[in-house]
Amino acid sequence: MLLLQFQAGNDRYGLDVAEVIEVVPRVTFRELPHAGPAVAGLINYRGTPVPVVDLTALITGIASRPFFSTRIILTDYPDRAGGHRVLGLMAERVTETVSCTEGDVQPLGVNLAAAPYLGGICLRPGGAILRVRVEDLLTPELRAALFTAAEDG
Amino acid sequence: MEQPGLSSACWKETGVFGDKSCPELAGLGHCRHCPVYTAAGRRLLDRQSPRDYPEELAKLLAAPKDEAEAETLSVVVFRLGPELLALKTVFFQEAAETVPPHSIPLRTGEVFTGIVNVNGELICCMSLAALMEIPAGETGTVGRTAYPRLVVVARQGHRFAFAADEVLGVRRFPPEALRGLPATAAKSVRALTAGIFPGEDRTIGLIAEEKLFAALTRSLAP
């Protein structure tokens, strides 16, 4: 499994590249009022409005810094209706991929109700990488808020 | 791997850009394989991006993806005297060090110059310059060292080697950039050229491979 690495706070996290469509630079957002601190806004992704969640804000509570290495990871997000939507995830230090086997990713051993998206840990000499599962990233409220239109239609 | 004391531009002090005394260098060969160098390069991205940068990129992201780029013609560009010529990369096999060809009595002439040994295989060495009647002399771009090369090309099992004054590497052109030859082009050049690409400062002639290989094969006949 290849993990796309990003950093939130001082720690490294990874997304399975199978869930990733494209990594693009940070662009300007159309902000959404009352969307909550974790939602950075909407971007125009090749003619389609795509909501972007700030992973740094979601994990650490502090917004991503406007660096060159802060990028938007466009992911394939399964909505409840069985369809697939594009979800943008903004994260800091999206500069590396880490190759690891399925055996390298061990179960976390803890189950945090507030962070159901943590799906295993990959121990590396440089520090552990926590795997983030895209499908469990959004709380039911946030998912309903961002993808209502698709589920209704 | 980030060792204290080494993190500040060690590649300029003990690495390949310095006195090359770094003990890691023996195993790595070049600083670019070293994690310290990589990490320093990545740190360059941890800078604040300019204010108008996200706006500019937003426009690019909003536009449909430009995938026309995929249909490019890949050619190897080389120089014979004053002429820049190109051959499709698929027919190109290697660029080797130049070696003088062994002439064969009563066989070798102006175009077929002899036999060369390339990686243990004997290949007929041709003079493309003689075939296309390109005058010798005139060097390449000023301010750059030109390395003559022995170019090995192959098509449908026929392999030939020829001497080029310089191999400039692989270039990609959109097929629509190919232009017809100007009326002033010499007949010998015209016979083997499919068209020209406008280059940065000089035009590049694209060799018509079927005509070239046919002409080379003909030149072997006594």
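**Exercise 1. Place a bridge pair and its hairpin in chain B.**
Task: Find the bridge partner of B:Gly195 in β10(B), and state how many residues the hairpin uses to join β9(B) to β10(B).

Solution.
- Step 1. B:Gly195 has B:Leu206 as its bridge partner in β10(B). The model is predicted.
- Step 2. Now take the strands. β9(B) covers residues 193-197, and β10(B) covers residues 204-207.
- Step 3. Count the bridges. β9(B) and β10(B) pair in the antiparallel sense over four bridges.
- Step 4. Close the loop. Six residues link β9(B) to β10(B) in a hairpin.

**Exercise 2. Order the five-stranded sheet of chain B.**
Task: State which order the five strands of the open sheet of chain B take, and which of the strands stand at the edges.

Solution.
- Step 1. Read across the sheet. The order is β3-β6-β7-β5-β4 in chain B, and the pairing is mixed.
- Step 2. Look at the ends. β3 (92-97) and β4 (112-118) of chain B each have a single partner strand, so one side of each lacks a neighbour in the sheet.
- Step 3. Add the twist. On average, neighbouring strands of this sheet are turned by 35° against each other, direction ignored.

**Exercise 3. Describe β7(B) and its two partners.**
Task: Work out in which sense, parallel or antiparallel, β7(B) pairs with β6(B) and with β5(B).

Solution.
- Step 1. Recall the rule. Strands of a sheet pair through backbone hydrogen bonds, either parallel or antiparallel.
- Step 2. Start with β6(B), residues 149-155. β6(B) and β7(B) are antiparallel and share seven bridges.
- Step 3. Check the residues. B:Leu150 stands opposite B:Ala163 in β7(B). B:Val152 has B:Ala161 as its bridge partner in β7(B).
- Step 4. Inspect the turn. The hairpin of β6(B) and β7(B) has two residues between the strands, and B:Gln156 takes a positive phi near 50° there.
- Step 5. Move to β5(B), residues 121-126. β5(B) and β7(B) run parallel and are joined by three bridges. B:Met126 stands opposite B:Phe162 in β7(B).
- Step 6. Check the cover. β7(B) spans residues 158-164, and five of its seven residues are buried.

**Exercise 4. Classify B:Arg79.**
Task: Decide whether B:Arg79 counts as buried or exposed.

Solution.
- Step 1. Locate the residue. B:Arg79 sits in strand β1(B), residues 73-80.
- Step 2. Apply the cut-off. A residue is buried if 20 or more other C-beta atoms lie within 10 Å of its own.
- Step 3. Conclude. B:Arg79 counts as buried because it has 23 C-beta neighbours inside 10 Å.
- Step 4. Add a distance. B:Arg79 and B:Ala164 are 85 residues apart along the chain, yet 5.9 Å separates their C-alpha atoms.

**Exercise 5. Map the nonpolar cores.**
Task: Name the residues that touch the most other members of the largest nonpolar core, and the element that gives its largest share.

Solution.
- Step 1. The largest core has 39 residues, and A:Val53 and A:Leu55 touch the most other members.
- Step 2. List contributors. Elements giving two or more residues include β1 (2-8), β5 (48-54), α1 (55-60) and β7 (84-99) of chain A.
- Step 3. Find the largest share. β7(A) supplies it, with five residues.
- Step 4. Follow A:Leu55. Leaving aside residues up to four places away in sequence, A:Leu55 touches A:Phe6, A:Ala8, A:Leu89, A:Met90 and A:Ala91.
- Step 5. Turn to the second core. This separate core has 35 residues, including B:Val151, B:Val152, B:Phe160 and B:Ile196.

**Exercise 6. Profile the two chains.**
Task: Give the helices, strands and buried share of chain A and of chain B.

Solution.
- Step 1. Chain A has two helices and ten strands. From the N terminus, its elements run β-β-β-β-β-α-β-β-β-β-β-α.
- Step 2. Of the 153 residues of chain A, 37% count as buried.
- Step 3. Chain B has seven helices and ten strands. Of its 222 residues, 22% count as buried.

**Exercise 7. Describe the interface.**
Task: State how many residues of each chain are in contact with the other chain, and which element of chain B gives the largest share.

Solution.
- Step 1. Count both sides. 14 residues of chain B contact 15 residues of chain A.
- Step 2. Find the main element. On the chain B side, helix α4(B), residues 53-62, gives the largest share, with six residues.
- Step 3. Sort by class. The chain B side has seven nonpolar, two polar and five charged residues.

Notes
Residues are numbered from 1 along each chain as its sequence is written. Chains are lettered from A and ligands numbered from 1 in the order in which they are written. This is a predicted model: local features need pLDDT of at least 70, side-chain atom pairs count only at pLDDT 80 or more; totals for chains, interfaces and linings use all residues. Two residues are in contact if their C-beta atoms, placed from the backbone, lie within 7 Å. Ala, Val, Leu, Ile, Met, Phe, Trp, Tyr, Cys and Pro count as nonpolar, Asp, Glu, Lys and Arg as charged, and the others, Gly among them, as polar. A residue is buried if 20 or more other C-beta atoms lie within 10 Å of its own, exposed if 12 or fewer, and partly exposed in between; C-beta atoms are placed from the backbone. Two strands pair if DSSP finds at least two bridges between them. A nonpolar core is a set of buried Ala, Val, Leu, Ile, Met, Phe, Trp, Tyr and Cys residues joined through C-beta atoms within 7 Å. Axes are lines fitted to C-alpha atoms, for helices over the stretch in contact, and angles run from 0 to 180 degrees between N-to-C directions.
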